[in-house]
Amino acid sequence: MPEEWIQALVADFGSECRERLRVSDTEASISLPVAKLVETFGVRWKLSPRLHPEYSLPEARVRPDYAVETSARITGFLELKAPGHDVTPDGFTKRDREQWELMRRLPNVLYSNGHTWCLYRGGTRPLHTVRLEGDLYRSGSRLRTNEADGAAFRDLLREFLGWQPRRITTVGQLVSSIAPLCQYLREEVLEQLALERRTPDGPLSRRRVPKPFTALAHHWSKVLFPSTDGQDPDHLFADRYTQTIAFALLLARIENVPLADRNFVDVACELKAENTVMGRALQLLTETVDAEFARRIDTLVQVIDAVDWEAVRARTPDAHVHLYEDFLQEYDRELRKRSGTYYTPPRLVKEMVRFTDAVLRTRLGCVEGFADEQVTIVDPAMGTGTFLSEIIDRVTEERSRRGEGFRGEAVEQLAGRLIGFERQMAAYAVAQMRITQTLRKQVTDTQLGDLRLHLADTLADPYERATLFTFLPDGDPLVENTRKADWIKREQKVTVMISNPPDRERAEGEGGWVEKGREGDDKAPLLDAFRLGGRNGVHENKLKNLYVYFWRWATFKVFEQHRSESDRGIVSFISTAGFLSGPGFRGMRKYLRETCSEGWIIDLSPEGIQPPLRTRLFEGVQQQLTIAVFVRSRADTEPAHIRYVALDGSTREEKYAQLEALGPDSDQWRPVRQDAHAPFTPAALGAWDTYPALDDLLPWTVPGILPKRTWVYSADPDTLRSRWRRLTAETDLTEKRALFRETKGGRTIDRPVKPLPGSAQRRRSMLEAGPECPEPVPVAFRPFDRQWIIPDNRVLDRCSPELWENRVEGQIHIVELHSERFGDGPATLFTALMPDMHHFAGWGGGRVIPLLQKDGTPNVTPGLLQHLRNSFGGLPRSFTCARRPGVVGRG
């Protein structure tokens, strides 16, 4: 038969397996026979395969047994299981399934236990499965393929060894191809770090083992991978390392730098010619990895080398716009949320640039707008370069009206005035791709390097001597990049700051010198200008948000830093809308009113939080968003004249139509309230603003209860008692912590806390708790939803002690959102029970106004009752009525 050699190959394989399995029945027993079979088969088909065994480490959970090289490139991976073990996901053990969840991200993996062979191509089910006839332990040379000619086994091995990446011609293909490989590579880096750290140094080890990733993580942690948000530094390093490698290679591919059959040093050097920072970063991050780890990156290299970028752009001209956002959505959705990576739609960017250009012309006398040679522009959170690209397009379009020959001149004049900062390496790479494409559309000799694009942390202290690249010599491109960025932050006068800054709440510690000030400097931190000197209490915790830090840096840079020479300029940001009316932003609103001449607020989501999808300009963002443009055109002593408009369209298109018709002097604007701390919302029509606010009449307010764990609530007390007994009876500390639901910076099982007001207990932790549950008490969980709660401060992150102190007879609580815009429906709720913090709407917080103080006296402004008595006669009955059942609805 023409394929008898295959049966002979299988027979030899069976004989060798039988001999080895007499000694041991582990996967190691079949490892060499399998490798010999695959290599012999490859030689027959002139593929010359080489199987590279991975280090056999029992703690390694990522690595396959062999990396398979054919024609000098890695074409697949071979994973072995012991004879008799399942090689399909349905039969995997827990450890094998953990490995499988990573291995299935590879595009070409062959699983075998010697008897069954399964070829996987990135899916959860095998593409091909072949089972040999016979028993590995006894058949020996009688082992056979199912078919007489062995065609199925031949085709499986040939397809495995002959794998080549498919040509990539769409953004979807690109993302779905590289994201899984990046997930796999991230785990490889994490595992490599862990293995290096378990390897002893010094005399305990027989030989000095290189630790390239440990050294990289040490040197680069403060450069490309700064971690100040509580993330595990190893995980963060592995993530950013992987993204940097992938997007540097993609940038090289787009720049027509060949990748196949080349080492990283050559690719990096060629990339540096046009993209100095990215090329140098790629060089530094790959020059110390050994050949074994380079093989793990090789598949990613091949896939990226198969990208046909011209075909991608032909199908999707603005492919780079959403490339990084789409990549993160596939690669790590939580990372996307955590990093605030939602890039601005190009149509919205176009309108922001157009509007800001009009403000330049009409308020600052820059008759050519962004094209004016005195205008310097900075995007402090450049992302993928959308704003800078749109400004280039707008300026060239304006100048082309004089003649097409003026396009190139316009770009050349603009290049030195256009500045961008970005701290995420992958986003920085995409920005370079995008801006390069923008430049190539114009008739210009301007190159990417002529623009001032910097890999830098905008919020880092520019006055502190740069310590990021102390391991690199002076003159290194990365050192020079940092120095130039710091000089801009210190010395460059800026006319326009335009951006969509990242948004992340609870970002304490991430604001750099804006938040904390300069070390050794007695001056207050810049952020203090948005505070009210302690008069705004805990509300100012809302200022610990990334977008607020960027607002403060931008206003300082444009309006204050060079005030002796020029303080005229514009800040044009799109961000979440909390600062428009939130109580924590009263100081920020006061600053903007006192510093600026004019302001324009464009409310993009007047529907409130979670607007209907059809109306969202950012489809993936549920928060309320706003465009805010503030200008300082002269040294004003009067408060800024601030205007407001809401885009009220019932569809996205209707909103865009309203936005496109809007100019700085359009008729649609309404003036906002003028009080220094007042919300940036329209002044009311009629006498509404003259009416007293609730806190003018009832001054004492408290927050609701915020346990930060749902198990302390239940619809019946017995369930809470059962949960308490289960928790206190648990002896395993890890399980006990999981049951308790510990919170970062909040309650833990071993943290002693003060008891609730009125309790006779001493300060103690949950580890000291007995099986007897404190008697549950009723609370107002949501509107018309009474529940019970465990009254123990050890399980309540924010117990609101004032509420517990004021549990007096006849107490009634008013609950209202206060800082949120309300539409149809009730503005306040009333309950006799202690309310949860989110009682009003299930989100958004709110505040509670008790009608009675803890001594039973009314919570009213001093003198109010006497004033009412004098004005209307008699004794006001509002509080005595409140005590009578049935007058005010409960719960």
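# Exercises on a predicted chain

The count of disulfides (pairs of cysteine sulfur atoms within 2.5 Å) comes to zero. This is a predicted model, in which local features need pLDDT of at least 70, side-chain atom pairs count only at pLDDT 80 or more, and totals for chains, interfaces and linings use all residues. Residues are numbered from 1 along each chain as its sequence is written, and side-chain values use heavy atoms, with hydrogens and water left out.

## Exercise 1: a cysteine without a partner

Explain why Cys799 has no disulfide, and state whether Cys799 is buried or exposed.

Solution.
- Step 1. A disulfide is a covalent bond between the sulfur atoms of two cysteines.
- Step 2. The closest cysteine sulfur to that of Cys799 belongs to Cys773 and is 16 Å away, too far for a bond.
- Step 3. Buried means under 20% relative accessible area, exposed over 50%, and partly exposed in between (1.4 Å probe, protein chains only).
- Step 4. Cys799 has 9% relative accessibility, so this residue counts as buried.

## Exercise 2: the buried face of α6

Find which residues of helix α6 are buried, and what covers them.

Solution.
- Step 1. Helices (H or I, at least four residues) and strands (E, at least two) are DSSP runs, numbered from the N terminus.
- Step 2. Helix α6 spans residues 212-220, and its buried residues are Pro212, Phe213, Leu216, Ala217 and Trp220.
- Step 3. Viewed down the axis of α6, these buried residues fall within an arc of 130° (taken from the directions from the helix axis to the C-beta atoms), so they line one face of the helix.
- Step 4. The cover over the buried residues of α6 includes α5 (171-198), α7 (233-254), α9 (276-286), α10 (291-305) and α18 (477-491).

## Exercise 3: two buried helix residues

Place Phe327 and Gln437 in their helices and list what each touches.

Solution.
- Step 1. Phe327 lies in α12 (residues 319-331) and counts as buried, at 0% relative accessibility.
- Step 2. Contact means heavy atoms within 4.5 Å. Leaving out residues up to four places away in sequence, Phe327 touches Val175, Ile178, Ala179, Cys182, Gln243 and Phe247.
- Step 3. One of these partners, Cys182, is itself buried at 0% relative accessibility.
- Step 4. Phe327 is 156 residues from Val171 in sequence, while their C-alpha atoms are 9.4 Å apart in space.
- Step 5. Gln437 belongs to helix α17 (residues 425-441) and is buried, with 8% relative accessibility.
- Step 6. With residues up to four places away in sequence not counted, Gln437 touches Ile254, Trp309, Arg313 and His320.

## Exercise 4: positive phi outside glycine

Give the phi value and place of Asn256 and Phe784.

Solution.
- Step 1. Asn256 is not a glycine, yet its phi is positive, near 65°.
- Step 2. Asn256 sits in the loop between α7 and α8 (264-272) and is exposed, at 59% relative accessibility.
- Step 3. Phe784, also a residue that is not a glycine, has a positive phi of about 60°.
- Step 4. Phe784 is in the loop between β17 (777-782) and β18 (785-789), and is exposed with a relative accessible area of 78%.

## Exercise 5: the whole chain

Describe the chain by its secondary structure, buried share and contacts.

Solution.
- Step 1. The chain has 29 helices and 22 strands.
- Step 2. Of its 891 residues, 54% are buried.
- Step 3. Among contacts between residues at least 6 apart in sequence, 71% join residues at least 24 apart.
- Step 4. The C-alpha atoms fill a box of roughly 115 × 85 × 60 Å, taken along the principal axes.
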